[in-house]
Amino acid sequence: MVEGVKTGDFVLPGDFLAMAEEFIPGEGTYEEGGGIYSSRIGIVLLDARTKKASVHPKTRIPPVLKRGSVIIGRVEKIGEQWVEVEIGALRGSENRQPPIPDLGSIHVSDVRREYVKDIKDQFRPGDIVRAKVVNPKRRPIQLSTEGENLGVILATCSNCRTPLERDGMRLVCPNCGHIETRKIADDYRQGRL
Ligand SMILES: [Zn+2]
């Protein structure tokens, strides 16, 4: 038994919606092997009265990244000069699904106001960061963590993956005692996006 989606869910093409014995395939769906699947990106409507399953295009405008927009992302890779960030959400619209995960990058000169010698002392893969869009037209999108409210908001220990706790300017692992450094936001780990 495959678990279906419910009315209001956001689906992608190919997502399973319902069993064909329970619903009739409607707009934006197709039937295959006894199941009804979505043929588009949109919002599900499972109508209990008409027994019709359909998918409606999202009418809300997807968030647009502008210069100065604040995003939440996850550090994916660290190079010599850049870190690569997968953009997950735009602040102020956390509940909206970004259209596609967008890639951003932070150059070593945009990490903090002060000179940064080694970018590896500032970020690690898996860090959750809050960053500002500097240039939305560049690919990857150019980001900055300059400023007190920007930087890492959640980091885990590179030894044991336990979330690190803040101790002044350093981060300490409560499990193994490992000490690490990051460019942290002033509200590190306070549960705010
Ligand atoms: Zn640890």
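Trainee: Let's start with R161: does R161 count as buried or exposed, going by its C-beta neighbours?
Mentor: Keep in mind that this is a predicted model. R161 sits in the loop between β13 (151-154) and β14, and the count there is 12 C-beta neighbours inside 10 Å. The cut-off for exposed is 12 or fewer, so R161 counts as exposed.

Trainee: And what is the phi of R161, about?
Mentor: R161 is not a glycine, yet its phi is positive. The value is about 70°.

Trainee: Which loop holds K51, the other non-glycine I wanted to ask about?
Mentor: K51 has a positive phi as well, near 60°. K51 has 12 other C-beta atoms within 10 Å, so this residue is exposed. Its place is in the loop between β6 (42-47) and β7 (52-56).

Trainee: Where is the cis peptide bond that leads into P140, and what is its omega near?
Mentor: Look in the loop between β11 (128-135) and β12 (141-144), which is the place of P140. The cis bond runs from R139 to P140, with omega near -5°.

Trainee: Stepping back, how many helices and how many strands does the protein have?
Mentor: Of the contacts with a separation of 6 or more, 51% link residues 24 or more positions apart. Buried residues make up 27% of the 193 residues. As for the elements, the count is 0 helices and 16 strands.

Trainee: Which strand has the highest mean pLDDT?
Mentor: For the protein, the mean pLDDT is 87, with 89% of residues at 70 or more. Among the elements, strand β1 (residues 10-11) has the lowest mean, 80. Where pLDDT is low, the predicted coordinates should not be read in detail. The highest mean, 97, belongs to strand β16 (residues 179-180), so to speak of the top element is to name β16.

Trainee: Now the sheet with β2, β5 and β4: which strands stand at the edges?
Mentor: The order in this open sheet is β2-β5-β4, with antiparallel pairing. An edge strand here has a single partner, so one side is left without a neighbour in the sheet. That description fits β2 (16-19) and β4 (29-32).

Trainee: By what angle are neighbouring strands of that sheet turned against each other on average?
Mentor: The sheet in question is open and has the order β2-β5-β4. With direction ignored, the average between its neighbouring strands is 30°.

Trainee: Which residue of β5 stands opposite Y30?
Mentor: β5 covers residues 35-38 and pairs with β2 over 3 bridges. On that pairing, A18 has I36 as its bridge partner, and F16 stands opposite Y37. β4 and β5 pair over 4 bridges, also in the antiparallel sense. There, the β5 residue opposite Y30 is Y37.

Trainee: Which residue in the turn of the β4 and β5 hairpin has a positive phi?
Mentor: The hairpin has 2 residues between its strands. The one with a phi of about 55° is G33.

Trainee: In the β14-β15-β16 sheet, which residue of β15 stands opposite R166?
Mentor: This is an open sheet of 3 strands with antiparallel pairing, and its edge strands are β14 (165-167) and β16, each pairing on one side only. β14 pairs with strand β15 (residues 170-172) over 3 bridges. Across from R166 stands L171.

Trainee: Which strand gives the most to the largest nonpolar core?
Mentor: That core has 24 residues, and V85, I106, V129, A131, L143 and V152 touch the most other members. β8 (70-78), β9 (82-90), β11, β12 and β13 each supply at least two residues. With 4 residues, the one that gives the most is β9.

Trainee: Leaving aside its neighbours within four places in sequence, which residues is V152 in contact with?
Mentor: V152 is one of the residues that touch the most other members of the largest nonpolar core. Setting those sequence neighbours aside, its contacts are F123, D127, I128, V129, R182, K183, I184, A185 and Y188.

Trainee: Last one: how many residues are in the second, separate core?
Mentor: Its members include V11, L17, A18 and F23. A18 is familiar from the sheet, as the bridge partner of I36 in β5. The number of residues in this second core is 10.

How values were computed:
Residues are numbered from 1 along each chain as its sequence is written. This is a predicted model: local features need pLDDT of at least 70, side-chain atom pairs count only at pLDDT 80 or more; totals for chains, interfaces and linings use all residues. Two strands pair if DSSP finds at least two bridges between them. Axes are lines fitted to C-alpha atoms, for helices over the stretch in contact, and angles run from 0 to 180 degrees between N-to-C directions. pLDDT is the predictor's confidence in each residue, from 0 to 100. A residue is buried if 20 or more other C-beta atoms lie within 10 Å of its own, exposed if 12 or fewer, and partly exposed in between; C-beta atoms are placed from the backbone. Two residues are in contact if their C-beta atoms, placed from the backbone, lie within 7 Å. A nonpolar core is a set of buried Ala, Val, Leu, Ile, Met, Phe, Trp, Tyr and Cys residues joined through C-beta atoms within 7 Å.
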